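Q: Got a minute to walk through this one with me? I'd like to start from how the terms are set.

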Protein chains: 2
Amino acid sequence: MKIINDVKFLIVGLGLIGGSYAQALTDLGYEVGAITRTQSSIDYAKENGIIAHGTTEITEDYINKFDVIIFALYPRVLIEWIEKYQAYFKKGALITDVTGVKGPIVYKIQDMLREDVEFVGAHPMAGKEVYGVQNADKSIFKNANYIVTPTDKNTKEAIEATKQIGKILGFKTIAELSPEEHDEMIGFLSQLTHCIAVSLMDCKESEKLVDYTGDSFRDLTRIAKINDAMWSELFLLNKAELLAQMDLFMSKFSELRNALASEDTDKMREMMRISTERRKYFDK
Amino acid sequence: MKIINDVKFLIVGLGLIGGSYAQALTDLGYEVGAITRTQSSIDYAKENGIIAHGTTEITEDYINKFDVIIFALYPRVLIEWIEKYQAYFKKGALITDVTGVKGPIVYKIQDMLREDVEFVGAHPMAGKEVYGVQNADKSIFKNANYIVTPTDKNTKEAIEATKQIGKILGFKTIAELSPEEHDEMIGFLSQLTHCIAVSLMDCKESEKLVDYTGDSFRDLTRIAKINDAMWSELFLLNKAELLAQMDLFMSKFSELRNALASEDTDKMREMMRISTERRKYFDK
């Protein structure tokens with residue numbers, strides 16, 4: 001499949017990410033429909049030109065119009081949804097998602113999926129600390145990465161089409177990783193950082209600290225404002241990998257702690273020189 | 001003492017902070033002199049209108065001209081300097097500093113100081129990830145906090161004058177804490193966050209991670225670019241307090257880790273709800 005002008009997109013789950021996908025695709029001239037749980041989200045999206053049409057009802061009649069179906073649901077709901085309603089998909093449809101963990105999602109879906117449709121996993125590494133289609137904002141893709149996680153079951157054509165979706169959405173970089181590589185990377189770069197921010201913010205009451213807080217503490221805790229339902233689900237799905245990354249961090253942190261406890265200045269300074277050197281790669 | 005127009009300021013240590021102090025005070029019309037180790041820093045500061053005059057020689061002749069002496073040296077050097085040259089201070093001079101740890105500095109200096117001069121500790125919570133007078137930039141004070149840490153030995157007048165220096169430098173807030181309160185607060189908000197950033201950055205080689213790195217990891221490691229000589233000295237000076245803060249963080253982080261390991265979703269979500277709630281106070 002090629003993503004050409006008359007391809008019709010269905011967004012399932014019209015929240016912040018689903019809504020931002022819909023907005024970007026509609027603005028490009030595509031026909032975008034939506035299925036979501038609450039009528040008010042459909043109404044808002046229609047009134048604001050984010051979708052052409054949408055429904056809270058899951059029917060074959062509506063679903064089999066669409067060439068590409070993008071799932072922007074919580075992970076567990078996603079699996080159940082596809083299990084229950086995959087019979088309604090149009091023959092030849094391309095199915096993709098936005099889930100932040102890939103291994104436990106991609107293989108499960110591919111194993112149960114009909115032979116005449118294809119699922120390619122994707123992870124748009126974009127977000128905001130707000131929720132809902134009311135906050136949809138396609139500009140969040142502009143400086144973000146979009147990662148496609150194909151498996152042996154995927155065709156070249158479907159992988160290319162999925163990447164093309166990332167391109168037309170406006171992502172800065174489009175990358176390809178195996179589901180396993182993805183989950184290790186995301187466990188370290190995203191999930192571990194959220195665990196650190198949450199733990200740090202939980203250490204003390206914050207009201208009286210605000211007056212003395214500089215940029216360091218603000219930067220380290222920005223992502224401590226977190227959707228607890230979604231992130232706890234993502235953490236559990238990536239449990240083994242995230243535990244490994246947490247333990248790695250804890251061992252490094254303990255090294256520094258013990259160097260301080262034993263007044264080992266050389267060791268502390270060596271750890272600081274390494275971090276200074278490595279951080280240079282990240283200067284934008 | 002009141003900080004009036006004909007007060008003469010001496011900056012000892014013309015680095016980033018000393019240079020930025022000098023720039024701000026000179027721009028306000030004060031006569032600012034400097035003592036620092038390298039002639040090139042003096043030359044640069046004179047050529048760029050940051051100071052009126054300066055020298056690498058430590059002489060009574062030069063030093064006893066000044067009403068206010070601001071020390072912007074590394075902590076250990078600061079103590080030695082005052083011990084060795086305090087005889088040169090002008091009678092009635094106000095002495096202050098910029099050191100990031102107060103307890104071990106303030107009392108030591110006050111205990112050995114001449115009776116006819118006064119030392120009031122101060123901590124400008126401002127900085128940059130670059131060094132030297134060449135990077136002097138008084139705008140770093142604009143959104144920053146300035147904390148004065150007086151003791152029983154200080155007079156009201158000297159405390160007020162030290163606060164006034166913070167005001168004329170352009171700091172956003174001027175606060176007063178005891179040296180002990182300061183060190184606990186700074187151990188948590190600043191030193192602990194630097195320990196976290198350094199440890200996180202040290203976990204993995206970063207070259208191949210750059211392509212997938214979003215804002216979360218960038219935010220959490222910005223301060224991993226660190227002056228290892230200065231920060232290791234500050235950590236050691238605040239050792240007991242910083243170890244307590246590191247242990248507090250580790251215990252919270254372990255709580256979250258163990259909740260994940262035992263798949264205790266309620267506990268994970270509770271920790272996330274607390275962090276979300278507390279982070280709200282910090283929204284600028």
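A: Sure, terms up front: helices (H or I, at least four residues) and strands (E, at least two) are DSSP runs, numbered from the N terminus. The model is predicted, so local features need pLDDT of at least 70 and side-chain atom pairs count only at pLDDT 80 or more, while totals for chains, interfaces and linings use all residues. Residues are numbered from 1 along each chain as its sequence is written, and chains are lettered from A and ligands numbered from 1 in the order in which they are written.

Q: Cool. How many helices and strands does chain A come to?

A: Chain A has 11 helices and 8 strands. Its C-alpha atoms fill a box of roughly 70 × 45 × 35 Å along the principal axes.

Q: And what percentage of chain A is buried?

A: Buried residues are 48% of the 284 in chain A. The cut-offs: a residue is buried if 20 or more other C-beta atoms lie within 10 Å of its own, exposed if 12 or fewer, and partly exposed in between, with C-beta atoms placed from the backbone.

Q: What share of the chain A contacts is between residues 24 or more positions apart?

A: For contacts in chain A with a separation of 6 or more, that share is 69%. Two residues are in contact here if their C-beta atoms, placed from the backbone, lie within 7 Å.

Q: Switching to domains. Which ones does the assignment give for chain A?

A: Domain 1 covers 8-177 and domain 2 covers 182-282. Those bounds come from an automatic or database domain assignment. The C-alpha centres of the two domains of chain A lie 31 Å apart.

Q: How many residues does each domain of chain A put into the contact?

A: Domain 1 of chain A gives 14 and domain 2 of chain A gives 11. On the domain 1 side, helix 4 (75-85), helix 5 (103-112) and strand 7 of chain A each give two or more residues. By class, that side has 7 nonpolar, 4 polar and 3 charged residues. For the classes, Ala, Val, Leu, Ile, Met, Phe, Trp, Tyr, Cys and Pro count as nonpolar, Asp, Glu, Lys and Arg as charged, and the others, Gly among them, as polar.

Q: Now the two chains. How many residues does the contact take from each?

A: It takes 74 residues from chain A and 73 residues from chain B. Helix 7 of chain A has the largest share of the chain A side, with 14 residues. The residues on the chain A side split into 42 nonpolar, 15 polar and 17 charged.

Q: What rotation superposes chain A on chain B?

A: A rotation of 180 degrees, with 0.0 Å of shift along its axis and an RMSD of 0.0 Å. That is the relation of a two-fold axis. The same surface serves both copies, as 99% of the contact residues of chain A recur in chain B. The superposition is by least squares on the C-alpha atoms of residues with pLDDT of at least 70 in both copies.

Q: What about B:F188, buried or exposed?

A: B:F188 is buried, because it has 24 other C-beta atoms within 10 Å. It sits in helix 7 of chain B and touches A:K204 and B:Q245, leaving out residues up to four places away in sequence. B:F188 and B:Q245 are 57 residues apart along the chain, with their C-alpha atoms separated by 5.6 Å.

Q: Core next. Which residues have the most contacts inside the largest nonpolar core?

A: They are A:I11, A:A22, A:I69, B:I11, B:A22 and B:I69, in a core of 172 residues. A nonpolar core means a set of buried Ala, Val, Leu, Ile, Met, Phe, Trp, Tyr and Cys residues joined through C-beta atoms within 7 Å. Not counting residues up to four places away in sequence, A:A22 touches several residues, including A:I11, A:L14, A:V32 and A:A136.

Q: Last one: where is A:E263, and what is its phi?

A: A:E263 is in the loop between helix 10 and helix 11 of chain A, and its phi is positive, about 55 degrees, although it is not a glycine. Most residues other than glycine have a negative phi. A:E263 counts as exposed because 12 other C-beta atoms lie within 10 Å.
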